[in-house]
Amino acid sequence: MGAAFFGWLSANGLAVLLVALLSAGGVAIGLTQGVSVDEAVGSASGIGIGGGIALLVVLFLAYLAGGYVAGRMARFTGAKQGVAVWVIGLVVVLLLALAGLVFGSQYNVLAQLDLPRIPVDEGTATTAGIIALAAVLAATLAGAILGGIMGTRYHRKVDRVGFDAVHAGR
C-alpha cells in the first residue's frame, strides 16, 4: 500500500506540472487571448476536443509515472501496484466530490481549482460527459498499469544480471 500511495503522489505532482505547462502553452500561443466571440464560437469544438486530448495525454503520462514509481518500489507486483495507484486516485476524487456535496460549494475543492479540464459541465450527465469520463478512467488506468509493469522490468533486469554474474563464476 505504501508503494501505491507514493506512486499516487508522484502521479499528482507530475499532473500538476504538466497541466501548468499545458496551460502556459495555451496562453503562449494565444488560445485564451484576443479572440472575438464569433471566432470563439466557431472554433470552440476544435479547441475543446484538442484540449481534451491534450489533457488525456497529460493524465496518461502522469499515471504512467505514478505506476512506474509504485512498480519500482514494490519490486514484483508492478501491475497490481499500478491498479492500486489508480484506485487511490479515484477514491480521493470521490471523497473530495462527496465533501463538496455534503458541506456545500465552499468546500468543493474540485470546483475551486482553476485547472484545465475536459469541457463538460459537472452537473450534466450528457453522452459527451460520459464518454469523457470513460476516456479519463481508461487512460489513467492503462497508464498506471503500464507504468507498474515498466517499474518491475527494472528489477527483473538487475536480478538477471546478478544471476548471470553468479553463475558465470562457477
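A residue is called buried when its relative accessible area is under 20%, exposed when it is over 50%, and partly exposed in between. The legends below describe a predicted model.

**Figure 1. Overall view of the predicted model, built from five helices and zero strands.** Read from the N terminus, the elements of the protein follow the order α-α-α-α-α. The protein has 170 residues, of which 24% count as buried. Its exposed surface comes to about 10,700 Å², and carbon and sulfur atoms supply 72% of that area. Among contacts with a separation of 6 or more, 78% are made by residues 24 or more positions apart.

**Figure 2. Close-up of A70 in helix α2.** Helix α2 covers residues 37-74, and A70 is found within this helix. A70 has a relative accessible area of 0%, so it counts as buried. Leaving aside residues up to four places away in sequence, A70 touches A3, A4, G7, Q81 and V85. For one of these pairs, A70 and A3, the C-alpha atoms are 4.6 Å apart in space although the two residues are 67 positions apart in sequence.

**Figure 3. Close-up of R75 in the loop between α2 and α3.** The backbone of R75 has a phi near 75°, which is a positive value in a residue other than glycine. Most residues other than glycine have a negative phi. With a relative accessibility of 31%, R75 counts as partly exposed, because this value falls between the 20% and 50% limits.

**Figure 4. Close-up of V83 in helix α3 and its surroundings.** V83 has 33% relative accessibility and therefore counts as partly exposed. Apart from residues up to four places away in sequence, the contacts of V83 are with L141 and I145. V83 and A70 lie 13 residues apart along the chain, and their C-alpha atoms are separated by 9.8 Å. The two residues contrast in accessibility: A70 is buried at 0%, whereas V83 is partly exposed at 33%.

**Figure 5. Close-up of K80 in helix α3.** K80 shows 59% relative accessibility and so counts as exposed. Along the chain, K80 and I145 are 65 residues apart, while the distance between their C-alpha atoms is 7.4 Å. I145 also appears in the view of V83, with which it is in contact.

**Figure 6. Close-up of a nonpolar surface patch that includes V83 and L101.** The patch is made by V83, V87, V91, L95, L98, L101, V102 and F103, and has an area of about 750 Å². Two of its members are described individually here. L101 is placed in helix α3, which spans residues 78-103, and at 70% relative accessibility L101 counts as exposed. V83 is likewise located in helix α3, but at 33% relative accessibility V83 counts as partly exposed.

**Figure 7. Close-up of a patch of positive charge on the surface.** The residues gathered in this patch are R153, R156, K157 and R160. Among them, R160 belongs to helix α5, which runs over residues 127-168.

Methods
Residues numbered from 1 in each chain as written. Predicted model: local features only at pLDDT ≥ 70, side-chain atom pairs only at ≥ 80, totals over all residues. Heavy atoms only, no water. Patch = residues over 30% accessible without salt bridge, like charges linked within 9 Å, V, L, I, M, F, W, Y side chains within 5 Å. Areas by Shrake-Rupley, 256 points an atom, 1.4 Å probe, with all protein chains shown as cover. Salt bridge = Lys/Arg side-chain N within 4 Å of Asp/Glu carboxyl O. Lys, Arg positive; Asp, Glu negative; His and termini not counted. Charge placed at Lys NZ, Arg CZ, Asp CG, Glu CD. Helix = DSSP H or I, 4+ residues; strand = E, 2+ residues; numbered from the N terminus. Buried < 20%, exposed > 50% of the residue type's maximum accessible area, 1.4 Å probe, protein only. Contact = heavy atoms within 4.5 Å.
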